[in-house]
Amino acid sequence: IREGRHPVLEQTLLDERFVPNQTELGVENQVALITGPNMAGKSTYIRQVALIALLAHTGCFVPAAVARVDILDRIFTRIGARDNLARGQSTFMVEMIETANILNSATDRSLILLDEVGRGTATFDGLSIAWAVAEFLLTESSRRARTLFATHYQELTQLDEIFEGVKNYQVTIRESNGQILFFHRVIPGVASKSYGIEVARLAGLPAQVVGRAREILSGLERKRLDLSGKSQGR
């Protein structure tokens, strides 16, 4: 896909121009791991690819300069957070049920969209599940579907050094005077960090909370926090 766009979002933007992006999925980049901060456009990007593929299969015009879409048998998505309390299913259980259905049903002719798989549980549990899911899609011959995998787990980007068929992409941003500028451009590479605290600040969290979060993050990154959450000396 060249200069692909989201056909709905593009029509609703009033104050800014929609940024088109390229997409290439195939044997060498069967799984595209996409990193970048919240609000950068990862979810929009993976959804627009699915919409373009769907429109192409109906014989419709597609929002792209050029698009070559192979025949797909199904499009699978694991996006968003919701529960099903009437059936006793937590948000994370719903996420796992949907992920299980994808892994058990997808073929090498499918298109899969995975958005933040594993985020609903403990960090190491979630990371382990996300890693195993990506590894399964890369190694099971009958399940090697074209996959767009948006994640905040930076550790997953190591997969491109272990397996063939996976490629890392990042959504570009720039930090300027303590502010984040979102360019919404998807390019090869790995995002340096997720900028979750900066997004929390933009959302209006009290400055005291944002400041304390930065202090805790600094300690966690250096593994120098005691059980009370206070940063330890060197």
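Me: Before we start on this predicted model, what does contact mean for a residue such as leucine 159?
Reply: Happy to begin there, since the model is predicted and the term comes up often. Two residues are in contact when they have heavy atoms within 4.5 Å.

Me: With that settled, which residues is leucine 159 in contact with, leaving aside its neighbours within four places in sequence?
Reply: Leucine 159 sits in the loop between β4 (146–150) and β5 (165–176). Beyond those sequence neighbours, its contacts are Leu33, Trp131, Ala134 and Val166.

Me: Is leucine 159 buried or exposed?
Reply: Being in a loop between β4 and β5 does not settle the matter, so let us turn to the accessible area, where buried means under 20%. Leucine 159 has a relative accessible area of 0%, so it is buried.

Me: How far apart are the C-alpha atoms of leucine 159 and asparagine 101?
Reply: Along the chain, these two are 58 residues apart. In space, their C-alpha atoms are separated by 23 Å.

Me: Leu33 was on that list, so which residues does leucine 33 contact in its turn, leaving aside neighbours within four places in sequence?
Reply: Leucine 33 belongs to the largest nonpolar core. Leu159 is one of its partners, as are Thr157, Lys167 and Asn168. The others are Phe149, Leu156, Val166 and Tyr169.

Me: Which element gives the most to the largest nonpolar core?
Reply: This core has 21 residues, and Leu33, Ile112, Leu114, Phe149 and Leu156 touch the most other members. Two or more residues come from each of β1 (29–35), α3 (91–105), β3 (111–115) and α4 (123–139). With six residues, the top contributor is α4.

Me: How many residues does the second, separate core have?
Reply: Its members include Tyr45, Ile52, Leu72 and Ala150. The full count for this second core is 19 residues.

Me: Let's step back: in what order do the elements of the chain run?
Reply: There are six helices and six strands to place. From the N terminus on, the order is α-β-α-β-α-β-α-β-β-β-α-α.

Me: What is the radius of gyration of the chain?
Reply: The globule rule gives 17 Å for 234 residues. The chain comes close to that, so it is as compact as a globular protein of that length, with a radius of gyration of 19 Å.

Me: What share of the contacts with a separation of 6 or more comes from residues 24 or more positions apart?
Reply: The contact between leucine 33 and Leu159 gives a taste of pairs distant in sequence. Across the chain, residues 24 or more positions apart account for 62% of those contacts.

Me: Which residues of helix α5 are buried?
Reply: Helix α5 spans residues 196–203, and glycine 204, just after it, takes a positive phi of about 110 degrees. The cover over its buried residues includes β6 (179–188) and α6 (207–221). Those buried residues are Ile197, Glu198 and Val199.

Me: Where is methionine 39 found, and is it buried or exposed?
Reply: Methionine 39 has a positive phi of about 75 degrees although it is not a glycine. It is found in the loop between β1 and α2 (42–57). Its relative accessible area is 54%, so methionine 39 is exposed.

Me: And which strand holds histidine 184?
Reply: Histidine 184 has a positive phi of about 55 degrees without being a glycine. It is partly exposed, with a relative accessible area of 24%. The strand that holds it is β6.

Technical notes:
Residues are numbered from 1 along each chain as its sequence is written. This is a predicted model: local features need pLDDT of at least 70, side-chain atom pairs count only at pLDDT 80 or more; totals for chains, interfaces and linings use all residues. Side-chain values use heavy atoms; hydrogens and water are left out. Helices (H or I, at least four residues) and strands (E, at least two) are DSSP runs, numbered from the N terminus. The radius of gyration is taken over C-alpha atoms; the globule rule is 2.2 Å times the number of residues to the power 0.38. Buried means under 20% relative accessible area, exposed over 50%, partly exposed in between (1.4 Å probe, protein chains only). A nonpolar core is a set of buried Ala, Val, Leu, Ile, Met, Phe, Trp, Tyr and Cys residues joined through side-chain atoms within 4.5 Å.
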